[in-house]
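Visitor: I'm new to this one, so could you walk me through it and tell me how you know each thing you say?
Guide: Happy to. Have a look first, then ask away.

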Protein chains: 2
Amino acid sequence: MDPELASPTAAVLVVGTELTSGLRPDTNGPNVARALEDAGYDVRSVTALPDDADAIASFLTRALPGHRLIVVTGGLGPTHDDVTREAAARALGRTLTCDEGVLRSLGPAVARHGCAEAGARVLRQAEIIDGARILMPTLGTAPGQVLEHEHGTLALLPGPPHEMGPMLGVLLDDRPGHASPRILRTIGHPESDIQLLVEGALAGSSGMAFTILASPGLVDVILRDGGAGETALDAAARAAAVALGDACYSTDGSTLAEAIMDAAERLGLRICTAESCTGGMVASALTDVAGSSAAFAGGVVAYADAVKSTVLGVSSATLEAHGAVSAETAIAMAEGARMRLGADIAVAITGIAGPTGGSAAKPVGTVWLAIATPADTHAERRMLPGDRDGVRIRATVAALGLLLRAVRPAAGPGVDV
Amino acid sequence: MDPELASPTAAVLVVGTELTSGLRPDTNGPNVARALEDAGYDVRSVTALPDDADAIASFLTRALPGHRLIVVTGGLGPTHDDVTREAAARALGRTLTCDEGVLRSLGPAVARHGCAEAGARVLRQAEIIDGARILMPTLGTAPGQVLEHEHGTLALLPGPPHEMGPMLGVLLDDRPGHASPRILRTIGHPESDIQLLVEGALAGSSGMAFTILASPGLVDVILRDGGAGETALDAAARAAAVALGDACYSTDGSTLAEAIMDAAERLGLRICTAESCTGGMVASALTDVAGSSAAFAGGVVAYADAVKSTVLGVSSATLEAHGAVSAETAIAMAEGARMRLGADIAVAITGIAGPTGGSAAKPVGTVWLAIATPADTHAERRMLPGDRDGVRIRATVAALGLLLRAVRPAAGPGVDV
């Protein structure tokens, strides 16, 4: 590709010893990277470094010449380990000065702390690198700093996502438009099958690049235009969706839960849940969707057998004869929830997530799911791999898959993209 | 510090365009980093690079001389974008050879694919770098490769966590013992207060380093020995826990949900939940704890008002007079759940998570919580900041905080560490 047409390069640096020591998963790195890609940058690396001024300065010194934009998050706060300001000033060969305007804006935060020592720390956040454009925080106290240098731009943003997000928006607002990637989401097929189907569909389209993202039970396909433009990207996305057929449940970026709630609301159907081993994860996924009250009635987490009986009406005879993890109990849970919660569709999940509770006949990972609709009720058994978390997540995805089929009997958006 | 006594340095590289484009949060980076730190390494960086052989080779060429151990995850699979093998071979100046033993082990996977093209791809995973120790997978198909070189060790591990984890365990099994960091977890106090308390407690102890990790409603303190040893670290942890007092709910690494379930089980108390805006998140957090069936009866997600009435017995008069988000409704939900689910303690949450549904009197973020015990029931109002996710997470933490207080009336483990 002509280097003039190539996307400008970017690097993301997230600062925090909690990140290099693995004590906390990093959400800023992926979020900033995605925003930069959507704004047309080619993100060449996402790096986490400890709260170590030498390590940060040395990384920046090496990275500054090779990237049009470098975004650093974290290390701008008031505590002793916030060293990003000093490190960036050193890499740029500039000085740090206390900014009067920022200082004044910190007044209320200093006053709020009501403690001489904590108040004094807050003031460190007024130290600004020479030449910086200051991004004032909307919610927190640490201002962002944007520095133009001979090779491009260096942006220092605070670590807390709710402070960083709006500043990143301001930083990227000036960028020209760019074809955002298209996302096709699939359920129920292995990664390798999805890859072959998409390769086949794109055989005729030049320039398209795609990435496959698999998570338990789900495979997403990310299509990028590689410079071919919006129209070509749309055509490629349409071809891929047709090839994927029923497996593809979303072409507009919506999640599985969003696809379910959207279809249910359009049909005027209300959903409810009856969960044992997933312990509320299915209800929680459905209510994660804004506006979910239109199509979600509620759910029962029937962990103890007594709750299965008293709240859902599963008979003791069923529980005794077949056990809590059985087709019969799953069906009774689904039908009981559907009647008692006054919903149109109920999904029930009962299984053995482990680490204990398994037997030779019903090992850890055995999960019975049932779906009850106005038309009928049926149950399916799944043998799910993984540890406790893995079984719970896979069981949640399986339950959402059953709900999708119930609200979208002729699934597959291949026809309407 | 004497360089001979310093921890050996390590770097973590996670490979995948989905990571640099932010399409998926990275869990391998933090998990590997934490395992390396626990094994005594000083992790100097965690880097994500795209599926780009040049970028990976150039990173490794630069990083190999400076780190005793480099762990790379991802890019060992069968698809076209799996380029870690080639890149590592190039950085080491070694060749790739097809390994007969690995090839034989892949036979079943090839056969399972039942498709000539996907089968052929699987075979790429048999390509091994000269001199590599091969780590055979227990579950998947991509073997790991461990390479000794003049400066240290380079380990290539597969990306899927369930395949990577066991191999990392094998890799680290030989490491000598090392003082793992101590974790003190707190609830209900701002980060800056916690920092001052811990600084005060550690004023007399030399060599100790600590990191503060804040998440909504919770602050964790991570103490490291900095070479001072287990006994000094224990003494420092004890001093910090005493200084933190009631705020500190865990000194043994247990989570808030684990602390609650553990205390409830010891007291023979059973917990249940009645959730509206959190939609199952509280139940899901409690059932995330292995063995939770001993102390968790179940829960109701009463999203629709009808479910609040029919399943929990909240009277229509209460709902009409005070609204679904009110002290009265929260109390009726908690008492209804406690009676109907046959539990000792019930927590109820009803609030407005947004983005819609707020009013001048009850803006988005208004959440009423109630806790019912054999002794009494009371309700608290919280005004929680953040978007829908933020409000739901903070409301979940607030509910867990009420449960903790109910099962550990004299909270504060300062006395028993």
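Guide: One term to begin with: two residues are in contact if their C-beta atoms, placed from the backbone, lie within 7 Å. Keep in mind, too, that this is a predicted model.

Visitor: What makes you say that the copies meet through the same surface?
Guide: Of the interface residues of chain A, 97% are also interface residues in chain B, so the same surface is used by the copies. The contact takes 68 residues from chain A and 67 residues from chain B. On the side of chain A that touches chain B, there are 32 nonpolar, 26 polar and ten charged residues.

Visitor: How do you know how the two chains are related?
Guide: A turn of 180° with a shift of 0.1 Å along the axis lays chain A on chain B, with an RMSD of 0.2 Å. The two copies are thus related as by a two-fold rotation axis.

Visitor: Which strands join chain A to chain B?
Guide: Strand β14 (residues 296-302) of chain A and strand β14 (residues 296-302) of chain B run antiparallel and are joined by five bridges. Two strands count as paired if there are at least two bridges between them, so these two qualify. One example: A:Val301 has B:Gly299 in β14(B) as its bridge partner.

Visitor: Why is A:Met164 called buried or exposed?
Guide: The cut-off for buried is 20 or more other C-beta atoms within 10 Å. A:Met164 has 25, so A:Met164 is buried. This residue lies in helix α7 (residues 161-172) of chain A. Not counting residues up to four places away in sequence, A:Met164 touches A:Asn28, A:Thr73, A:Leu157, A:Pro158 and A:Gly159. Across chain A, 53% of the 417 residues count as buried.

Visitor: And what makes a group of residues a nonpolar core?
Guide: The members must be buried, come from a list that includes Ala, Leu and Met, and be joined through C-beta atoms within 7 Å. The largest such core has 179 residues, and among those with the most contacts inside it are A:Ala334 and B:Ala334. A second, separate core of 104 residues includes A:Ala88, A:Leu168, B:Leu147 and B:Met167.

Visitor: What does A:Ala334 touch?
Guide: Leaving aside neighbours within four places in sequence, A:Ala334 is in contact with several residues, including A:Ala274, A:Val347, A:Ile371 and A:Thr377.

Visitor: Which strands stand at the edges of the sheet β10-β11-β9-β12 in chain A, and why?
Guide: This is an open sheet of four strands with antiparallel pairing. Its edges are β10 (209-215) and β12 (248-250) of chain A: each has a single partner strand, so one side of each lacks a neighbour in the sheet. On average, neighbouring strands are turned by 30° against each other, direction ignored.

Visitor: How do you know that β9 of chain A pairs with β12(A)?
Guide: Two bridges link strand β9 (residues 182-187) of chain A to β12(A), in the antiparallel sense. At least two are needed, so the pairing counts. A:Thr186, for instance, has A:Cys248 in β12(A) as its bridge partner. Helix α8 (residues 191-202) of chain A packs on this sheet, touching β9, β10 and β11 (218-224) of chain A. The direction of helix α8 makes about 160° with that of β10(A).

Terms used
Residues numbered from 1 in each chain as written. Chains lettered and ligands numbered in written order. Predicted model: local features only at pLDDT ≥ 70, side-chain atom pairs only at ≥ 80, totals over all residues. Least-squares fit on C-alpha atoms with pLDDT ≥ 70 in both. Buried ≥ 20, exposed ≤ 12 C-beta atoms within 10 Å, placed from the backbone. Nonpolar A, V, L, I, M, F, W, Y, C, P; charged D, E, K, R; others polar. Axes fitted to C-alpha atoms, helices over the stretch in contact; angles between N-to-C directions.
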